Amino acid sequence: TWHLKKIPQIVSERTFSLDSPKFEAKPNLELNSVCGIECQRKLPVPSLSDLKDLLSYETVFENGTRTLTEVNVLGLTLDPAGNTTTRRSSRKKRQIYGTDSRFSIYDKRFMTNFPFNTAVKISTGCSGILISPKHVLTAAHCLHDGKDYVKGSRRLRVGLMKTKSRDGMPSFQWTRVKSTHIPKGWFKGVSEDIALDYDYAVLELKRPHKRKYMELGISPTIKMMPGSMIHFSGFDNDRFGQLVYRFCSISDESNDLFYQYCDAEPGSTGSGIYLRLKEPNKKKWKRKIIAVYSGHQWVDINGEQQDYNVAVRITPLKYAQICFWIHGNDENCTQG
């Protein structure tokens, strides 16, 4: 069964106007020099004041204006254990590990129906997932390099899948983005290295869609994972015009990240990773997004570069923040 967790509250305290971004950063779908498992083990547990800083967020609006919202965190119990990890395996320097286990979804009955129709394309070259009638979850680095917003994010658009009648390949109905939220923990000014823990962002669409979207859930630990498999769909660059689905088990975890072998190529970055669970006495699968696919990452472990396919876990704090971005209050965000 899904395990309910008490969710801390995130409330906005003050909002400031900032200068408009330059929008001059180059989009980079593969990140280097990222703090990996060994590095994370040495990090201190963030204090409450640290978390308030990391979870404060920037909002960029369609007209180029930008604000910073400072937040307070209420009802949080800090975990004294710090960043714990589980199993670790040796890895090859590839984004496709062994046999390519990805599936291209061709049948338009699948492409345009749940859960595959929740996958969207971001105009900067990434993927995302529908999480409300007008919100999309994606990776922060699809929009911001840690110092500035990427060039293509000035006029950001989201592509919802539709099918062409002749060849059945997906085409997109593009919708403008009204505003973008990115947690301050992603920005390089807060930490020296890019912290993958905060590689997530939410886009508010200018017009609501009428499709079924996917609910958010709290990421369980590997041991508590229902069905033990994670699933995600995105638009991998090496399979142009195709929606690509994959599933796999998770190899390793920290408090904020999943490390896994799911085969993926650039373009699928920002996809929503979900679990599915058939609850007792119910016929339908229940699916919930429990992580955001951050992409193929090179990380420094014991002085050596190793590569992983990494996902950002939706922790109770991140659930509270994303839920707050969707609803504008914390009343609908008490149970994860």
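Student: Let me start with phenylalanine 23: is it buried or exposed?
Tutor: This is a predicted model, in which local features need pLDDT of at least 70, side-chain atom pairs count only at pLDDT 80 or more, and totals for chains, interfaces and linings use all residues. Residues are numbered from 1 along each chain as its sequence is written, and side-chain values use heavy atoms, leaving out hydrogens and water. Buried means under 20% relative accessible area, exposed over 50%, and partly exposed in between (1.4 Å probe, protein chains only). Phenylalanine 23 has a relative accessible area of 6%, so it is buried.

Student: Where does phenylalanine 23 lie?
Tutor: Helices (H or I, at least four residues) and strands (E, at least two) are DSSP runs, numbered from the N terminus. Phenylalanine 23 has a positive phi near 55°, although it is a residue other than glycine. Its place is the loop between strand S1 (9-18) and strand S2 (31-35).

Student: What share of the chain's residues is buried?
Tutor: The chain holds four helices and 19 strands. Out of its 336 residues, the buried share is 55%.

Student: Which residues does serine 132 contact, leaving aside its neighbours within four places in sequence?
Tutor: Serine 132 is found in strand S7 (residues 127-132), and its 6% relative accessibility makes it buried. Contact means heavy atoms within 4.5 Å. Beyond those neighbours, the partners of serine 132 are His209, Tyr213 and Ile326.

Student: Ile326 sits in H4, I see. How many of the twelve residues of H4 are buried?
Tutor: Helix H4 covers residues 316-327. Its buried residues include Leu317, Trp325 and Ile326. The helix is largely enclosed by the rest of the structure, because the number of buried residues is ten.

Student: What span should H4 have at 1.5 Å a residue?
Tutor: The expected span of a helix is 1.5 Å times one less than its number of residues. The end C-alpha atoms of H4 are 16 Å apart, which agrees with the expected span for twelve residues: 16 Å.

Student: How many residues does H4 give to the largest nonpolar core?
Tutor: A nonpolar core is a set of buried Ala, Val, Leu, Ile, Met, Phe, Trp, Tyr and Cys residues joined through side-chain atoms within 4.5 Å. The largest one has 67 residues, and Ile131 and Ile322 are among those with the most contacts inside it. H4 gives the most to this core, and its share is eight.

Student: Why do the buried residues of H2 lie on the same side of the helix?
Tutor: In helix H2 (residues 48-55), the buried residues are Leu51, Leu54 and Leu55. The arc is that of the directions from the helix axis to the C-beta atoms. The three are on the same side of H2 because they cover an arc of only 85°.

Student: Which residue's backbone nitrogen does the side chain of histidine 144 reach?
Tutor: Histidine 144 lies in the loop between strand S8 (135-138) and strand S9 (157-163), and at 2% relative accessibility it counts as buried. Not counting residues up to four places away in sequence, histidine 144 touches Tyr149, Val150, Ile182, Trp186 and Phe187. Its side chain reaches, at 2.8 Å, the backbone nitrogen of glycine 146.

How values were computed:
A polar contact is a pair of N or O atoms within 3.5 Å; within protein, one must be able to donate a hydrogen and the other to accept it, and residues adjacent in sequence count only if both atoms are side-chain atoms.
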